[in-house]
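Biologist: I am new to this structure and would be grateful for a close look at a single part of it. Please take the salt bridges as the topic and explain each term as it arises.

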Amino acid sequence: MAVFDGAPWVGAAVESLLTQTLADLEVIVIDDGSTDPTPEVLAALRDPRLRVERRPRAGLTRSLIRALELARAPLLARLDADDLALPERLARQRQFLDAHPDVGLLGTAAREVDVTGREVAIVRPPVDDAAIRRALIRANPFVHSSVIMRRAALDRAGGYDPSFPVAQDYDLWMRLARVTRLANLPEPLVIRRLAPGRVSAVRDDDRLRAEARVRWRAVRSHAYPWWCAVYALRPLAALALPGAWRRALRGPTRMEGSPYRV
């Protein structure tokens with residue numbers, strides 16, 4: 001977990017991990033230069049399984065890279081600092097991975113709630129490897145906050161790329177797809193909190209450019225046929241639209257990395 005100025009939510013996020021039914025875990029939190037009471041919130045959480053490292057502001061991607069450097073387990077799970085993991089999440093994911101040793105990246109469905117806790121959507125990504133690969137060139141078929149990865153697969157793929165300040169997850173999934181099988185559990189096992197300002201207009205421009213870059217690299221590497229280059233052009237075309245038009249076309253709850261909703 002990486003956090004920047006997450007005092008209102010980070011305590012509940014960490015507690016949702018420390019109270020998992022799968023108790024044999026470590027929780028690593030990188031405080032990415034918070035200027036609010038985040039350090040005090042984290043210091044108040046007393047559990048030997050929790051490790052907090054405070055660093056100067058470096059951004060999400062570099063903070064995640066540092067967290068992975070500190071992690072010691074063969075399975076690596078993600079959770080954003082404003083999200084919650086349901087109590088059975090990690091146990092269910094480990095059970096699936098134990099039964100499917102060929103799967104190296106596993107996500108889940110997710111509930112999305114507003115700041116009052118009201119459910120506004122359920123994210124239901126494709127569940128099997130073939131369906132995920134068909135979707136991957138078109139959109140991000142994983143909820144970043146729900147994934148668990150095998151360390152061996154992550155190392156083979158090269159980990160997070162620090163040249164992606166946004167859409168670092170999408171880039172990583174595309175590279176993991178070259179070295180392992182992919183899956184999602186259909187049950188919503190995480191809760192994503194849609195706080196105002198989570199994705200800014202400026203960051204949205206960066207995300208669209210990053211998506212185009214990821215897809216173009218996938219086509220150039222022959223992971224997808226040449227005609228799939230059209231999917232690399234789509235986010236570039238979207239950049240030509242005013243930000244308000246893009247938001248209207250996406251709908252009020254559309255967020256980075258979670259395109260599948262009911």
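Modeller: The following account describes the salt bridges, beginning with one helix. The model is predicted, so local features need pLDDT of at least 70 and side-chain atom pairs count only at pLDDT 80 or more, while totals for chains, interfaces and linings use all residues. Residues are numbered from 1 along each chain as its sequence is written, and side-chain values use heavy atoms, with hydrogens and water left out.

The structure holds 23 salt bridges, a salt bridge being a side-chain nitrogen of Lys or Arg within 4 Å of a carboxyl oxygen of Asp or Glu. Arg207 takes part in one of them with Asp204, where the closest N and O atoms are 2.5 Å apart. These two residues are separated by about one helical turn because they stand three residues apart in helix H8. Helices (H or I, at least four residues) and strands (E, at least two) are DSSP runs, numbered from the N terminus. Arg207 also meets the side chain of Glu211 in a salt bridge, at 2.6 Å from N to O. Glu211 and Arg207 likewise belong to helix H8, four residues apart, which is about one turn of the helix.

Arg207 is buried, with a relative accessible area of 5%. Asp204 is buried at 4%, and Glu211 is buried at 11%. Buried means under 20% relative accessible area, exposed means over 50%, and partly exposed lies in between, with a 1.4 Å probe and protein chains only.

Elsewhere, the side chains of Glu26 and Arg72 form a salt bridge of 2.9 Å, N to O. This pair links distant parts of the chain, 46 residues apart. Glu26 lies in the loop between helix H1 (10-18) and strand E2 (27-32), and Arg72 in the loop between helix H3 (60-70) and strand E4 (75-77). Glu26 is partly exposed, with a relative accessible area of 25%, whereas Arg72 is exposed, at 71%.

To return to the helix pairs, Arg207 has a salt bridge with Asp204 and another with Glu211. In helix H8, Glu211 and Arg207 are four residues apart. Salt bridges that share partners also join Glu53, Arg55, Arg66 and Glu69 into one network.
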